[in-house]
Amino acid sequence: MMAAVVMAEQGLDIIIADKNQILGRKLRITGKGRCNITNDCDPSEFTNKIVSGNKFLLSSFKKFSNRDLIDYLNSAGLETVTERGGRVFPSSSRAYDVAELFVRRLKELKVPVLFGYTADKLIIDDGAVRGVDGFVSGKKHMLYSDRVLLASGGATYKGTGSDGSGYKLAIQAGHSVKAPLPSLIALKCLEKADCASMQGLTLKNTAIRLYEANKAVFEDFGELMFTDAGITGPTVLSLSRFYISKASFADKVFNDFDSLRPFLRFDQSLYSTLNSDGRFRIELDLKPALDVNELDKRLCGDLGKYSAKLIKNALNDLLPSAMIVPVINRSGIDLYKHVSDISKEERMRLVNAIKHFVLTPLGPDDPDHGIVTQGGVMLNEIDPSTLASKKCKGLYLAGEIIDADGLTGGYNLTVVFSTGRAAGNAISASIAEIS
Ligand SMILES: Cc1cc2nc3c(=O)[nH]c(=O)nc-3n(C[C@H](O)[C@H](O)[C@H](O)COP(=O)(O)OP(=O)(O)OC[C@H]3O[C@@H](n4cnc5c(N)ncnc54)[C@H](O)[C@@H]3O)c2cc1C
């Protein structure tokens, strides 16, 4: 939609074709219906939160940064607010308003939209694109054009239209696709019963670390939540980006769609061996503001205060009640032990369980529910400044289909808007050049 607006504003004769019956279906459900449009951090820091493609995206961000996106939406009449962590939302808190802003502008510019159109093949002649071959309601329908922008999204949340079929067109044009995997996704944990007993509990100000073979490979600080099967929330979503990328097939590159197809099902079994050797563990620091000595002092105080109680009834000042049993169990202390009988060594085990609350990640909770897809069309096959395919003349690729993705916090939509805008401008410039 961003690319289409840019091209139509420059007088290009274009058409949008989408398999859905509505534009921006995924956009409308972003940010729990509130749309975390972007992040208001300093543009120079923005790429720190991009995991794949930070160098590639520099050119698009230079032309249209996170701050440019905010200005663009504000001047189009969409007020925004910036919340904790620089997250930018529409003031109305309605993702719908972001989508409708584009829909309105496309209507003003009289851009035709072909709804219910499934693009099945590119029409390619002599190494150059000539159009798209697809169907509407089972009927064949060709669209002829010597410029095609493929912005078909990733392969998660397939119900929104992004079913990975765009990769088929990219591969047909000669591109390679890095294995698409779910990212920013809730994780299942081995300690399912513990998690279920804490289901719905949100922890704020918690430090989280992912260890691979005892080496910390990711750490973050902030909010997380327990689910019936594991954990979710902003810090967990970001952690999942790194954990899921350790799947054995993550670095596989596909040049034919039939080999890629089984990986697009995002079947749970693909991830069942991720941590079968127990190489990965997650540790939560439930009291990151206190070091071990300070926490021990605090615990001493609480145990002194509740010396006549059982240990399971003595930690309410320190921990959310749902966490007390899981913490004590991890320390190995009998839940029914009297506080007065707790030894110093046992107290230190409690401190350790609070500072290093261990969870064992398994796979994604529901592989289709990745907020974004990591992997996609290989970046070295795309011109970073124009988003033009290096494999097929006249073909452009933008948005989540390319192998670029970031952490949670508004970074991914910025990638989509910035690359869409760069592609739209580049297509317009390429047409202007020949006319
Ligand atoms: C629940 C959820 C919440 C999110 N929240 C945020 C957030 O708050 N902030 C943020 O930055 N990011 C968020 N994201 C990520 C963000 O929404 C996506 O990265 C973004 O929508 C991708 O944009 P896109 O245009 O590349 O692809 P999409 O939005 O997926 O659009 C692709 C379009 O292509 C169409 N299409 C696909 N294949 C074909 C075909 N063969 N023929 C015809 N049409 C086709 C689809 O129907 C679809 O309309 C969220 C994602 C989800 C799922």
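In which loop is the place of Ser93? Ser93 sits in the loop between strand 5 and helix 5. Keep that spot in mind, for we will come back to it on our way through this structure, which is a predicted model.

Let us begin with the overall layout. The protein is divided into three parts: domain 1 covers 2-181 + 372-434, domain 2 covers 183-251 + 269-284 + 360-364, and domain 3 covers 288-357. If you look at domain 2 and domain 3 together, their centres, taken over C-alpha atoms, are separated by 25 Å. Where they meet, 10 residues of domain 2 are in contact with seven residues of domain 3. On the domain 2 side, the elements that give two or more residues are helix 7 (192-197), strand 13 (202-212) and strand 17 (280-285). Strand 13 gives the most to this side, with three residues. Sorted by class, the domain 2 side has five nonpolar residues, three polar ones and two charged ones.

Now turn to the beginning of the chain. Helix 1, made of residues 2-9, is mostly covered, since seven of its eight residues are buried. The buried ones are Met2, Ala3, Ala4, Val5, Val6, Met7 and Ala8. What lies over them? The cover of the buried residues of helix 1 includes strand 1, helix 5 (95-108), strand 10 (148-150) and helix 13. After helix 1 comes Gly11, with a positive phi near 85°.

Helix 5 gives us a good reason to return to Ser93, which is in the loop between strand 5 and that helix. The phi of Ser93 is near 60°, a positive value in a residue other than glycine. Is Ser93 buried, exposed or partly exposed? It has 14 C-beta neighbours inside 10 Å, so it counts as partly exposed. Another loop, between helix 5 and strand 6 (113-115), holds Lys110. Lys110 also is not a glycine, and its phi is positive, about 55°. Lys110 counts as exposed because 7 other C-beta atoms lie within 10 Å.

From here we can move on to the sheets. Strands of a sheet pair through backbone hydrogen bonds, either parallel or antiparallel. One open sheet has three strands in the order 2-5-4, and its pairing is antiparallel. Strand 2 (38-39) and strand 4 (80-82) are the edge strands, each pairing on one side only. Strand 5, residues 87-90, is joined to strand 4 by three bridges. To find this pairing on screen, look for Thr82, which stands opposite Val88 in strand 5.

There is also an open sheet of three strands in the order 7-8-9, with antiparallel pairing. Strand 7 and strand 9 (139-144) stand at its edges with a single partner strand each, so one side of each is left without a neighbour in the sheet. On average, and ignoring direction, neighbouring strands here are turned by 25° against each other. Strand 7 pairs with strand 8 (residues 128-136) over eight bridges. One place to see this is Lys121, whose bridge partner in strand 8 is Asp133. The two strands form a hairpin with two residues between them, and Asp126 in the turn has a positive phi of about 55°. On to the next pair: strand 8 and strand 9 are antiparallel and share six bridges. Here Phe135 stands opposite Lys140 in strand 9.

Our last stop is the ligand. Which residues come nearest to it? Of the 33 residues around the ligand, these are Gly31, Gly153, Gly161, Gly399 and Leu413. Some elements already met on this tour return here: strand 1 (16-18), strand 7 (117-125), helix 6 (165-172) and helix 13 (411-434) are the elements that give two or more residues to the shell. Helix 13 provides the largest share, four residues. Helix 13 is also among the elements that cover the buried residues of helix 1. By class, the shell around the ligand divides into 13 nonpolar, 15 polar and five charged residues.

Technical notes:
Residues numbered from 1 in each chain as written. Predicted model: local features only at pLDDT ≥ 70, side-chain atom pairs only at ≥ 80, totals over all residues. Near = placed C-beta within 6 Å. Nonpolar A, V, L, I, M, F, W, Y, C, P; charged D, E, K, R; others polar. Domains from an automatic or database assignment. Contact = placed C-beta atoms within 7 Å. Pairing = 2+ DSSP bridges. Axes fitted to C-alpha atoms, helices over the stretch in contact; angles between N-to-C directions. Buried ≥ 20, exposed ≤ 12 C-beta atoms within 10 Å, placed from the backbone.
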